[in-house]
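Work through these exercises with the model open. Each task is followed by a stepwise solution.

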Amino acid sequence: PMQVSVAPIRDHDGNVIGGVETFRDVSATLADLERAKRIQTLSLEQEFPDDPRVRFSVIYTPHDIVGGDYFAIRALDSDRFGFLLADAMGHGVAAALHTMHLRSLWGRFYQMLARPAEFAETVNNELSKVVKDESFATAICGVVDLASKTLRFTAAGSPPAVIFRSRGEVDQIELPGMPFGVMEDGVYEEVAVEIREGDSVLLFSDGVFEVHNAQGKMLGIDGLIRIVESLGYPATPIEPKVLEVELLKYSNAIRLDDDVTLIEMRIGA
């Protein structure tokens with residue numbers, strides 16, 4: 001593996017008349033990144049709940065060798081399942097290190113997701129001790145309660161939750177909330193939404209919809225909904241590679257500009 005940098009050579013009039021290319025062997029750096037990727041992959045591995053009343057699936061494609069998105073899903077008891085989707089600031093190694101910190105906080109506090117706003121306030125305060133005067137991550141977190149048929153969640157600067165109703169409607173549920181790490185003692189709101197058999201819930205990082213075409217127009221949430229519906233969703237499951245191809249078609253680029261993470265919850269009987 002090589003890293004290549006190019007510098008132009010100009011004449012007295014400023015015209016480019018040549019260039020200097022510098023090649024650097026990055027084998028050692030790549031080996032370190034591959035090790036970091038293996039560690040991060042292990043941190044994201046988890047067994048989704050085996051419950052016919054709800055089915056979870058995740059699409060995760062990091063922008064670099066290591067990514068800045070973190071997700072986790074875990075049973076709180078026999079009827080309640082907690083979830084977190086966070087998008088750490090930036091890309092690459094620094095963002096990946098942030099995800100490891102988020103994993104540590106998830107392990108310490110996930111039981112608090114029975115009260116999503118309290119979980120968000122606690123995680124925010126912990127991160128604010130580490131990061132000063134800058135945001136650490138946007139996030140959405142909450143709990144699926146299958147006994148009461150409700151989805152309760154809190155947002156920290158994240159995109160909205162999108163619910164595809166079994167009757168055909170599509171709801172976008174958005175909440176205000178500061179990204180984690182901006183300041184201590186932030187207050188987060190909580191919303192409770194009824195969920196029914198046949199409903200599907202999509203949660204995603206901004207890399208899924210902040211895609212711009214050749215004219216600079218952003219795809220947006222509505223554009224993302226149109227794409228997944230054109231693929232037959234929710235009757236047909238979203239295929240990761242197919243979704244990536246559709247996003248690339250819109251962008252007219254050879255790769256996406258950010259990490260892509262999408263969590264789906266399908267509500268069963």
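**Exercise 1. Lay out the five-stranded open sheet: give the strand order and the pairing.**

Step 1. The order is S4-S5-S6-S7-S10, and the pairing is antiparallel. Strands are DSSP runs of E with at least two residues, helices runs of H or I with at least four, both numbered from the N terminus. Two strands pair if DSSP finds at least two bridges between them.

Step 2. S4 and S10 (191-194) are the edge strands, each pairing on one side only.

Step 3. On average, neighbouring strands in this sheet are turned by 15° against each other, direction ignored. Axes here are lines fitted to C-alpha atoms, for helices over the stretch in contact; angles run from 0 to 180 degrees between N-to-C directions.

Step 4. Now add helix H2 (residues 92-109), which packs on the sheet and touches S4, S5 (80-88) and S6. Its direction makes about 20° with that of S4. Contact means heavy atoms within 4.5 Å.

The model is predicted: local features need pLDDT of at least 70, side-chain atom pairs count only at pLDDT 80 or more, and totals for chains, interfaces and linings use all residues. Residues are numbered from 1 along each chain as its sequence is written, and side-chain values use heavy atoms, with hydrogens and water left out.

**Exercise 2. Examine the S6 and S7 pair: how many bridges join these strands?**

Step 1. Six bridges link S6 (residues 137-145) to S7 (residues 150-156), and the two run antiparallel.

Step 2. Take Ile 140: its bridge partner in S7 is Ala 155.

Step 3. Move to the loop between S6 and S7, where Lys 149 sits. Lys 149 is not a glycine, yet its phi is positive, about 55°.

Step 4. Check its exposure. Lys 149 counts as partly exposed because its relative accessibility is 27%; buried means under 20% relative accessible area, exposed over 50%, partly exposed in between (1.4 Å probe, protein chains only).

**Exercise 3. Which side chains make polar contacts with the side chain of Asp 69?**

Step 1. Place Asp 69 in S4 (residues 69-75).

Step 2. The side chain of Asp 69 has a polar contact of 2.9 Å with that of Ser 205. Another, of 2.8 Å, goes to the side chain of Thr 261. A polar contact is a pair of N or O atoms within 3.5 Å; within protein, one must be able to donate a hydrogen and the other to accept it, and residues adjacent in sequence count only if both atoms are side-chain atoms.
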